[in-house]
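Student: I should like to learn how to read a sheet and a chain contact in a model. May we work through one case together?

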Amino acid sequence: MLKVNRRFAIRHLNSFFQEIIIVILFFSLSCAIIVQVFAKAYITNLETEEHNGAVLAASSFCEVFSVRGSLSGTVELLYGGDAVKFIYEDSVKIPLDENFCFSQSGSYYLTATTRAAYRESGNVVYADLVIFKENESLFEVTTSAYQAKGAALE
Amino acid sequence: MGIEKAVSKNSSVDVLCALSLFLVFSISSLILITIGAGNYKGILGETNRSFNVNSSLHYIINKLHSYDRSGLVSIIEIDGTQVLELSESGDISGYHTMIYHHDGYIYELLTSKTLSFKIGDGEQILPVSELVFDASGNIITIEITDSDSITKSAVVCLKSVGYEGGINNAQG
């Protein structure tokens with residue numbers, strides 16, 4: 001009788017033990033998936049924040065460029081006189097910090113290249129703007145300013 | 001008697017093993033739920049904060065663009081608070097829209113120019129910690145600080161000729 005009871009108890013415990021192991025296995029798998037989902041959500045949130053900042057920085061650049069029509073005038077107004085030294089002929093590459101403000105050691109970059117289209121009445125100056133981080137483009141836009149013949153922009 | 005004791009001891013160890021495994025499972029579940037809830041709360045807070053700042057900036061930028069006509073935009077100071085005054089034109093030229101920051105919120109009020117205006121009047125638009133306007137020539141810089149003290153700024157160039165820039169003092 002004792003032997004039967006013992007066998008029954010062991011079998012009962014074994015099935016409980018097996019069930020718990022299966023549950024833990026399932027839990028571990030779910031855990032791994034859930035952690036990945038949260039990590040992805042966090043990364044997406046950071047990327048969204050980066051894109052929002054890049055859009056604002058690009059929008060400010062376009063606003064000023066469309067009125068001033070020159071890289072030097074735009075860069076000086078937006079990022080100060082120190083940033084003007086980053087202008088090379090018809091292009092500029094400005095380092096920006098995580099708040100998209102000018103910083104010598106920034107990890108983000110704003111590049112702009114200008115090109116002119118000559119018209120009878122004046123020039124249309126285009127600026128191709130790219131904001132990127134570690135060779136990954138965050139936002140690209142092209143803006144333009146019209147320069148009437150004989151009329152200098154600000 | 002000895003066999004009975006041994007069987008009982010074995011069975012206790014098995015129960016203890018199963019229970020401790022169950023305990024580990026429960027604690028792990030609890031930790032995961034706590035981490036998940038904290039993470040979710042953090043992401044939600046960050047998203048809201050970002051939404052408030054970006055929406056406020058774009059809202060004011062769009063407002064400025066839509067009122068970019070000669071003499072319609074001005075920045076005044078009332079009781080030490082900077083107020084963006086956007087005057088209406090045409091049939092409703094007697095009205096103006098006031099946008100300012102007060103008590104942790106951006107406020108907006110469309111009112112008649114003849115009525116007296118007091119800081120705190122109007123509707124709450126979005127919660128932000130600080131709103132600063134800086135005007136220089138036809139360029140207006142908008143700076144918004146969020147609840148985490150992170151400041152974001154945007155620049156608007158007014159194309160209309162009537163705007164001379166600067167911040168004027170006005171009576172409350």
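Tutor: We shall take the sheet, then the helix packed on it, and then the contact between chains. Please bear in mind that the model is predicted.

Student: In what order do the strands of the sheet in chain A stand?

Tutor: The general idea comes first: in a regular strand, side chains alternate between the two faces of the sheet. In chain A, 5 strands form an open sheet in the order S1-S2-S3-S4-S5, with antiparallel pairing.

Student: Why is one side of S1 and of S5 in chain A left without a neighbour in the sheet?

Tutor: S1 (87-88) and S5 of chain A stand at the edges and have a single partner strand each, so one side of each lacks a neighbour in the sheet.

Student: How many bridges join S1(A) to S2 of chain A?

Tutor: There are 2 bridges between these antiparallel strands, S2 covering residues 91-96. A:Tyr88 has A:Ser91 as its bridge partner in S2(A). Helix H2(A) packs on the sheet, where it touches S1, S2 and S3 (108-118) of chain A, and its direction makes about 15° with that of S2(A).

Student: What joins S4(A) and S5(A)?

Tutor: The two form a hairpin with 2 residues between them, and A:Glu134 in the turn has a positive phi of about 45°. S4 (122-133) and S5 (136-148) of chain A pair antiparallel over 12 bridges; A:Ala127, for instance, stands opposite A:Thr143 in S5(A).

Student: How many residues does each chain bring to the contact between chain A and chain B?

Tutor: Chain A brings 28 residues and chain B 29. On the side of chain A that touches chain B, H1(A) gives the most, with 25 residues. By class, that side has 19 nonpolar, 6 polar and 3 charged residues.

Notes:
Residues numbered from 1 in each chain as written. Chains lettered and ligands numbered in written order. Predicted model: local features only at pLDDT ≥ 70, side-chain atom pairs only at ≥ 80, totals over all residues. Pairing = 2+ DSSP bridges. Helix = DSSP H or I, 4+ residues; strand = E, 2+ residues; numbered from the N terminus. Contact = placed C-beta atoms within 7 Å. Nonpolar A, V, L, I, M, F, W, Y, C, P; charged D, E, K, R; others polar. Axes fitted to C-alpha atoms, helices over the stretch in contact; angles between N-to-C directions.
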